[in-house]
Every structure is written in C-alpha cells, then in structure tokens.
Amino acid sequence: MPLLEVSNLRTSFYTRYGVVRAVNDVSFSLEKGDTLGIVGESGSGKSVTCYSLMRLIPQPPGKIEGGSAVFDGVDLLSASPAQLRQIRGKRISMIFQDPMTSLNPYMRISEQIIEPLLIHEKISRADAVQRAITMLQEVGVPDAANRVHSYPHEFSGGMRQRVMIALALITRPELLIADEPTTALDVTVQAQILDLVKKMQRELGMAVIWITHDLGVVAGFCHRVQVMYGGRVMERAGTDELFAHTAHPYTRALQKSIPALQTKGASLYTIPGMPPDLSRKIEGCPFVPRCEFVQDQCSQPVELKDIGSNHKTACLRVQKKEIHLNHE
Amino acid sequence: MLRFILKRFLEAIPVLFIVATLTFFLLHQMKGGPFDTERPMPPEVKKAIYAYYGLDKPVWRQYLNYMERLVLHGDLGMDQKYFGWSVNELLASSLPVSLELGLEGLFFALIFGTIAGVVASLRKNTFGDYIPMSIATFGICIPSFVTGPLLILVFALGLGWFNASGWFFPRDRVLPAMTLGLYYMAYISRLARGGMLEILNQDFIRTARAKGASEWRIVRKHSLRGGLLPVVTFLGPAVSGIVTGSLVVETIFQIPGAARFFVNAASNRDGPMLMGTTLVYAVLVIVMNLAADVMAVWMNPRLRFE
Amino acid sequence: MTAEFPNVTQHAGEIEPGHSLWQDAWHRLRQNKLAVIGAVFVALLAIACFLTPVIAPGSYAKTNLALGAKAPSRAHLLGTDVLGRDLLARVLYGGCISLSVGLAGTFVSVVIGVLYGAISGYFGGRLDVILMRIVDIIYSLPFVVFVILVLVVFGQHIILLFMALGAVSWLDMARIIRAQVMALKKQEFIEAAVALGLRKRRIILRHLIPNVLGIVTIYATLIVPSVMLLEAFLSFLGLGVQAPMSSWGTLILDGSKNMEEYPWLLIFPGLCFSLTLFSLNFVGDGLRDALDVRASKD
C-alpha cells in the first residue's frame, strides 16, 4: 500500500477577482522511501497541492473543494484537527522556501528546533536541547552547541535553511515535503542543501516530495517527476524515462529552457505567452495558448493516461501517438 | 542594552534642564499671583512678601537660586497660595495619590485592552471581534470628562454602588481608574488586535502549524511576543496621556492628588506650585518612557543588535 | 503570506479602463457607510451651528430666571439650564465655538506640521535626525501641561487658545509629511525639476507640497477632533474658553455640576460632542483606509 495516496484533489481560492482554481483534479501516490519531484512554474498549483494535503491553506479565502489524501490509512483531508496535529511535524514534516520568514524572529533557534519534540514526545527540555544540538551537527551547522541559542537573524541564508531542515527532521518523519527550499539561496549553497537532504533521506529512509520550478534540480535527485501546469498534472514518470521519452509539450519546453542542457552558443529559449488566468474556467488543456503542437482537439477535457513504462501524460496528441517529443 | 539605557539617560538630563529653564522663564512672565487681593496691598507688606519669596532679586539671580536649590537639595521652593507650606510638602502628600490612581488606570487599560484585542484578533470578523472593537471605538471617541460624570450619574447617584467622590475606601478607586483608563484600554485593544493579526499572517505561524502545534500554543508561544509589541511601544505616550487625564479625573472625583494642585495652581497663578508639578511630571514621564523603550527592545530581539 | 498565488492576469487584448488612485479611493470611501453617515452628520451639524448666531443672535444668552432649569419640552427642545437659558441654542452656539476652535487650531497645526515635515524630509541628513529627535521628545512629554502654562501666563484669549492647541498637535502630521516627502524626493519628476535648475525652495513649494495635499487632508480630518477634544478638556477645567463665550466643554462642565437634579444638562451637550468626535473619526479613518493601498486586506 502506498505511503501517501492523493486522489482528485481540488482547491480553490475565493478572491475579489473571482474564484481561482489553483488545484484542479490532481492525483498521485507515493511509496515509502520514494522521491517525487513536482515541477512547475509559479501558479501551476504545485505548492498549493502540498499545502492542501497538510491542510495549511488559510480557509478563507482558500477552500479544499474535494478529493482525498490518504496517508497510511488516514484521510488527511477529513481527519479531525487533533488527528491532523499528531501527524504534522511528527510523521509528515515540511520545509519552506524562505527560511528568514519561516522562522520566528522572536524565538531562539533552540526553542524552535525542540518544539516538535516537546509537542510529540515525552521528553525533558534538557534532553530535547541535546537532541537539537546533535541534529544541528548532523545538518552541518558549525559550533552547534553554542549557536543553538542564537536568534534566526544571526544566521546566514544557507545556515537558516539547515536549521529548518533540522527542525523538520528531528522527529524522524516518514515523509518530508520540501517547498522550493533552495530557490532563495545562492547556487553553491543550493547544491549543499540538496546533498544534505539526500543524505538525510538515506539515513532516515523517508519519502520526499521536492517542489521546484527547476527541472534541472530534480534530475539529480528524484526517482520520479511530476510536471504540473495550470493546476493540473501534465506528465508523470520516472526521471530517466521523463528525460529520455518526454511525453508532453510543456515538459519539452521546460527542458529547452535549461541553459545547461542546450548546445553552447544557441540562443536562450523561453516559453512564449503567459501563465493562465485560473479565475476563468479552462476548457481542455490549459497549455493550449502556448503550445506549439496545439490543434482544435486540444480544447476537449484532458485526462491523465498511461502510455507504458509507468509513464503518464495528459497530452491528447501524445496519447494518440500523433507526435513524438524526444530530445534531439 | 546597558549602553542604550545610559544613552537615553544622558539624553534625558539636558531635556529636563531645558524644560526647567523654559518653564521658569515662562512663569516669570506671568502677571498676577495669589497676592493680588481686592484691596490694594500696603507697599511695605508687598515688599516683605516679595523679599520672602525672593521675588525682589533680578530674574537671572532668581533662576540661579532656584536651580541651585533644585539640583543640590531637591527643594522646589515655598508655595505662594498656601502660606508656610513648601511645594515639596504639598506634593509629598498628594503625589502618592496620583501615582496610585495612574497605576490603577494603566493596569485597567493594559489588562482589559490586551485581552480584548487578542481575543478579537483570534475571532476576526465575527461577533467576538465586532463587539470589543465597537466598544473600543466608543472608548476612543467619548472623552473622559463625559464618561466620568456619566459613570457617577449611573453607578454612584443612580445605583448607589459607589461614592460620587472622594478617595477614602478601596471601592472609591474603581470609577476614577475606569474613567482614566478607558481611552487607553480602547486604544490598546486596537493596537493588540492589529499587532496579533499581523503576526498571525506571517510565514512562521505556518511553520508552527506544520510542526503540529495547537492553536493555543501558537498564540501563547509564537504570537504574543511579536503581536503585543505595538502595545509596549504605546506605553510611553500612554503614561504621558494618563498624567494629562488625571487633571480631569482628579477634578471630577475630587481626588486629593497632585493634578488637583496643578489645576488649582493654574487658577490661582501659584508660580512655585506650577513649576514644581511641571518638573515632577516631566521627570515621571521621561522615566516611564525610558522603561517602555527598554521593554520594547527586550521584547524584540532584532532591535538589540542595533 | 507568501503562499503561491496564481497570476490573475488579463488576457491580451482585453484592456480595462484604468482607475486612478483617487477614483479608487472615492469609490471605497463611498462604500464605507460609517464614514458617509459621519460626514453627513458633521456637515448638517456644522451648518446648524454656524447659522445660529446669524439666525437667532443672543438666543443662547437670554436668561429667564423665573423659569429656571426645566426638562425638555415643546417650547425648549433640549430643556433649559439653571438660568433659564434654552439649552438647544446654547448647544448650537457652543458647537459654533468648538468647531471654530477646532478648525482654526487644525489650520495652525497643519501649517507647522507640513513645513516642519517637508523641511526635515527634504534636507535629510543630520538636520532630519535632530528635528525628528525633537519630535520624539516632545511626543513623550505631557504637552497639555505646557499649554496650560502658556494660557495661564499670557491670558486666556481665544486666539491664543487655538494657537496653543495647534502648536501641540502637529507632531503626527510632521512625521507623515516627512515620510511622504522622502518618498517623493526619490521620484523622477523631482529629479527633472532639479535638472532644470530650480532652486530648492521653489521645488519644495511648487512641486512637493501639492503632491502631499491628499495626505494632508486625511490627517487634518483626524486632527480636528483631537484639537476639539483638547479645547473641551481645558474648558472643562476652567482653563479654556472663558465666559461669556461657551463651548461644548464649558457646557459639559456646567452639566456635570448639576447632573443629579438636571441630567439633561450633561447628557445633551455630552452626546452632541461625542457624536461629533465619532463622526469626524469615522470620516478620517475612512479617508485613510480608502487612500492607503496597503491596507487592502481583511
């Protein structure tokens, strides 16, 4: 049985400008120890999906319209607040994009790291602080024993993210959701954080959902990749399979946008057009306005279909084998 | 931190000095005084009185004498209205009363205001929010000299629960403290609500939820410290305002405090008393402002490193 | 909250007519019912108050000792006071004085505040630091005490009264104007003016000040009730408006002295005054919310 099974998740935001359908019928599953990368632009619904299953969406203006997210037998979307609180921070942990705003500036680091322990385990404060220090050492914070009592603003960006990872993993959760944790960091620090999470995953045997807009990041890290656009899943496959046999025009466009993968001297590629306005109901494939392979039939409602080798796509034309998108 | 306190302390001294000097020379311009009676005073008597109070010397000499007595002995001079009494003696009897009233008003405002504001922020846009905030608007708009008499009318004269004036029994404190603190309670509740709402919207609250913290824990450990910061910043002006408000409250409720002496001194043109109370107020307010600033810095770790 | 919020963009080709900041603000202000009611109330009351000396001069002073204090009746809508004077006339006339002092004091306060803030914000540097530190210090002192001292020393003429009140109410205005000027200073049209070689004084007067007019209006609306409050406060202590003139403050004082037997003498002036303060505060808050783009949440 999969560790996490998300089915038909739908989340909307009720705003002054209309109802924004941020997540529109998203399903996926995750096995124990699996690494799933969720890739998409701003507004694709990748973050909202994961906040929804943890029920961290502010309601109002957000609303989880339907679907289920079953974690080890418990549907997180219909669980009682008490049940949910027992899972959050203990069995499922999250790390966020901006460690400066995600850490409480008025509390010492030690307070924040030991908090999951104090909430979920019967442990004395002194023991908890000890474990916090050990954890900080594991995530690579130098001079941990002294720095543990500092405040967040006394750390650099990369160090703060390590602190976030420490507090997320101190309870040895079964699933870690990482929402663009390296986007706000320097490139060199990005690689370090990535390596750190890889290492912790190996040690703890946990599953990881890594949300990013950077297809290049998932290439070296995730077993499987899910590409999202306009609140829907466009494609899902094992990482190698996705790159070798790309099955969606959007995925292909994303690949073309990675400078490192292109031939030297070629002009940089950007996807023409703008992300869709999700307050308007979209018939058919949301990528239609920007797709180079678009045809009339693309305005029909889309479905995620299996095309073999554990590879799913939502592109009608690929499903019908009308086009082939392999990388030249 | 200590450097901060020291710096403020050193700043306060010239301020007090300027206040004292300005007030002295301002009051010197005052025409008339408690000596002016209906019948013209015989010149020898007038000369004797002036000599007694040192008013026959040139201005700068009077100023130096005053400052010398003030700084070296803390002596505020002889009162002109109540012959034979020194200003120090009069203030010594009345200042504790005013301080008690002020503190009671302040605590009333702080405790009820903070609770109302925090509760309102947690129940945003429901009746739990609208009701305290409407009461707050009332409190801000209706002045103390209207609520004071109204409270007396209803609760003392009407229902008979309290005395209409005086400062003898513990329950005499209730209506004056309420009248004095009402405006500040209202203002503080708005500040608390605003501060809490700002904090509750922050990302780190989301992080706390993701850790499985209960709502109560989020309020207590994560929100209060940052959310109540605006309240602490307001303490300085609040104390200043309470000093001002006591002028009216002590008059309405006939409380024998320093403010009453001040108001009477204004009517009587009693120079030394005016000077003395002004200085005392200035010192009090500056000290309380410093205390409030220290508290604000303590509560916000980021400020400590500036 | 930095949660991912999908772009709500217009589709190309659909261009909606732009709303200027003022149109948006006016629209939002109109929707604020409390502010509208408040504005209407104050307007009507002001008209009534300022017309009274014209239509029925001296009606507030007409004593009728035989009548004495009477409860509201057909002849005297709000009752009469101890000397038999019609309370309605006295309240309206008192309003005239209170509103006048409020407006005059606000004017003084605006002039000082705008100049102080503009100079501090424009020149910046050490001058700014010193000026703002002075504001901080004055802010922390109980200025009513000093107003009282000034009035005691120089007499209680009404002109001195509103000047003194204005002189202690400009602090917030100065801070706001300074912030605005500092923001505007960085904008391009100021650089253009400097490039054209305009002298600094001209820049301040002709370019900066018109731009801050909106902000000035808002905060002036909030200063009026606070000046009125100060005046009433002083009058209540007998240190403000002097007989034979009366303001709402003196009426409340008289009312509180006789409230046990003649409660209407306290209630009507108190009610009138409070409602006026309410209304002005609602209008001011409404204006501020309407024009403050940042406050568009909740």
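Two strands pair if DSSP finds at least two bridges between them. Helices (H or I, at least four residues) and strands (E, at least two) are DSSP runs, numbered from the N terminus.

The model shown is predicted; local features need pLDDT of at least 70, side-chain atom pairs count only at pLDDT 80 or more, and totals for chains, interfaces and linings use all residues. Residues are numbered from 1 along each chain as its sequence is written, while chains are lettered from A and ligands numbered from 1 in the order in which they are written.

**View 1. The hairpin of S4(A) and S5(A) has two residues between its strands.** Within this hairpin, Asp72(A) adopts a positive phi near 50°. S4(A) and strand S5 (residues 74-75) of chain A run antiparallel and are joined by two bridges. Val70(A) stands opposite Asp75(A) of S5(A).

**View 2. An open sheet of four strands in chain A follows the order S2-S1-S4-S5, with antiparallel pairing.** Strand S2 (18-30) and S5 of chain A each have a single partner strand and stand at the edges, so one side of each is left without a neighbour in the sheet. In general, strands of a sheet pair through backbone hydrogen bonds, either parallel or antiparallel.

**View 3. S1(A) is joined to S2(A) by 10 bridges and to S4(A) by eight.** Strand S1 (residues 4-15) and strand S4 (residues 62-71) of chain A run antiparallel, and Thr11(A) stands opposite Ile64(A) in S4(A). S1(A) and S2(A) also run antiparallel; Leu4(A) has Leu30(A) in S2(A) as its bridge partner.

**View 4. Helix H1 (residues 46-53) of chain A lies across S1, S2 and S4 of chain A.** The helix runs at about 110° to S1(A); axes are lines fitted to C-alpha atoms, for helices over the stretch in contact, and angles run from 0 to 180 degrees between N-to-C directions.

**View 5. Chains B and C meet through 39 residues of chain B and 33 residues of chain C.** Two residues are in contact if their C-beta atoms, placed from the backbone, lie within 7 Å. On chain B, the elements giving two or more residues to this side include helix H1 (2-28), helix H10 (229-252) and helix H12 (271-299). H10(B) supplies the largest share, nine residues.
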